[in-house]
Amino acid sequence: MSRRTFAQAGAGLLIAGAGTGAGLGAATGTALSAEARPGTGASRTSRITRGTHLLHADLHNHTLLSDGDGDPALAFDSMRAAGLDVAALTDHATIGDNLLGEVLAGALPPEYKQFAGIHQADWARTKVLADAADTDGAFTAIRGFEWTEPLIGHVNVWFTEHYVDVLQAGLMQPFLSWLAREPGLLLDGGADGLAGFNHPGREPGRFQEFYYDERVRDRVVSLEMFNRTDDYLFEGYADGRSSPLVACLNAGWRTGIAGVTDEHGTDWGFPEGKGRTGLWVTDHTRAEVKRAMRQRRFFATRTSGLRLDATATPRRGRPVRMGSTIPLRGGKGELTLRLDLARDRSWRGRRLAAQVLRPGNEVPEVVAVEEFSVGPVLELGTRVDVADGDWLLVRISDPDQANDTPGPDGHPCNDLGIAYTSPWWVEPAA
């Protein structure tokens, strides 16, 4: 096990961080000055790829429209004040107006929203709020919803014209059929919505063990590995279940890896240590954010301001960015992985580990571990064979701290997760 160092680009643009006063200002609607916003974080430019820049995103948030505590009119302002570049409101769609009707649902007290979720007027209001907050080049605001089946699982949906709840589609197959036919917003050259698996394994049904539907493989784009402060890599392992990561990717889904706050409070964007997603985009617009999500050009972390970019290069091939497919001659070969990780000056020299994860039966197999100190770009090699499974990704961890939800005794990922790249998928070259 060798040690390397990573180069740290200078701290730059505003990103989300902790700040009690800032959170209070956002929650009460008080305008925050630029001086009050957090400003710690890495440069937004990768040292290993060109043509894109980094946006910090939180794609899973709640308000009083479902079971959150905060006024939805304040949510986008809070997240922008916290330094986030992209934010989505995804209140629960559970039974809504389909049980009682729109008029009666809208007249019931707020306590009803805790279990019923949004109705049509809420969905329309979320669109108004997102459209008002969205500003090309400065802040991307997205309307979404969380399809909420209490036993099967919760799925976030973004960029659709309509929503669906569990009375309309109460199993994975009807829900995925709805997604396949639902018209979405005409962005990124298409009118299709996107979806992602939330806190995988928290609900016992685990999406009917990640029921697979080839029709929407390209539209189900994310798997939450960080939700709030939790790492879901080994969720359920202590109860005899396989890793959600292994179950999802081995089922055939090609999801990127996301981190979210799943915020239910009133300080959207501000708490440090909750999940968030880094998106690599060519422009700061809704269309380009959607394109980056479709192409799985994103990573998960629980650290505000973190920059992570990753490529994999086959022998006699060109670098392939995370989230993409790598053709291998004969279905096997050597890959050189390059990782650009940075945060701020306080991280320079910090000891971390890069773990290369491959498919396993119950938990991911770790085929390489490289310890390094945060400094120059990291390179490490690994050999892959499609016969052993069609995916790989890199987990960044702190070997000196423990994972609160560990896997098998002695597993390398029983340390503290810092970040996950999205996967690469390998296949035999034509």
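Is Asp262 buried or exposed? Asp262 is buried, because its relative accessible area is 2% and the cut-off for buried is under 20%. Keep that residue in mind, since we'll come back to its partner. Before that, a word on what you're looking at: this is a predicted model, and every value here is computed from it.

Let's start with the whole thing. The protein has ten helices and 22 strands. Of its 430 residues, 61% count as buried. If you take the contacts between residues with a separation of 6 or more, 75% of them join residues that sit 24 or more positions apart. As for the outside, the accessible surface comes to about 15900 Å², and carbon and sulfur atoms make up 51% of that.

Now for the charged pairs. Side chains of opposite charge can pair when their charged atoms come close. In this structure there are 30 salt bridges, and a few of them make a good tour.

Back to Asp262, then. Its side chain meets that of Arg228 in a salt bridge, with 3.6 Å from N to O. Trace the chain and you'll see that this pair links distant parts: Arg228 is in the loop between S8 and strand S9 (230–231), while Asp262 is in the loop between S10 and S11, 34 residues apart. The two partners also differ in cover. Arg228 has a relative accessible area of 33%, so it counts as partly exposed, whereas Asp262, at 2%, is buried.

Next, have a look at Arg254 and Asp390, whose side chains form a salt bridge at 3.8 Å, N to O. Arg254 lies in the loop between helix H9 (244–250) and S10, and Asp390 in the loop between strand S19 (378–385) and strand S20 (391–402), so this pair ties together parts that are 136 residues apart in sequence. In this case the arginine is the buried partner, as Arg254 has a relative accessible area of 14%. Asp390, with 27%, is partly exposed.

Not every bridge reaches across the chain like that. Glu209 forms a salt bridge with Arg206, and their closest N and O atoms are 2.9 Å apart. Both residues lie in helix H8 (residues 206–210), three residues apart, which is about one turn of the helix. Glu209 is partly exposed, with 38% relative accessibility, while Arg206 is buried, at 2%.

Salt bridges can also join up into a group. Here, Lys127, Asp131, Asp134 and Arg286 are linked in a network of them.

Finally, let's go looking for empty space inside. Rolling a probe the size of a water molecule over the atoms shows where empty space is left. How many cavities of 30 Å³ or more turn up? The count comes to one, and about 70 Å³ of space lies in the largest cavity. Three elements each give two or more residues to its lining: strand S8 (220–227), strand S10 (256–260) and strand S11 (276–281). S8 gives the most, with three residues.

To find the spot in the model, pick out the lining residues, which include Leu59, Trp158, Val221, Ser222, Glu224, Met293 and Phe298. Also in the lining are Ala258, Val260, Thr277 and Leu279. Sorted by character, the lining residues divide into eight nonpolar, two polar and one charged.

Note on methods
Residues numbered from 1 in each chain as written. Predicted model: local features only at pLDDT ≥ 70, side-chain atom pairs only at ≥ 80, totals over all residues. Heavy atoms only, no water. 1 Å grid on protein atoms, 1.4 Å probe; cavity = no way out; pocket = protein on both sides within 12 Å on 5 of 7 lines; lining within 4 Å. Points joined across faces, edges and corners; volume = space filled by probe spheres on them. Helix = DSSP H or I, 4+ residues; strand = E, 2+ residues; numbered from the N terminus. Nonpolar A, V, L, I, M, F, W, Y, C, P; charged D, E, K, R; others polar. Salt bridge = Lys/Arg side-chain N within 4 Å of Asp/Glu carboxyl O. Buried < 20%, exposed > 50% of the residue type's maximum accessible area, 1.4 Å probe, protein only. Contact = heavy atoms within 4.5 Å. Areas by Shrake-Rupley, 256 points an atom, 1.4 Å probe, with all protein chains shown as cover.
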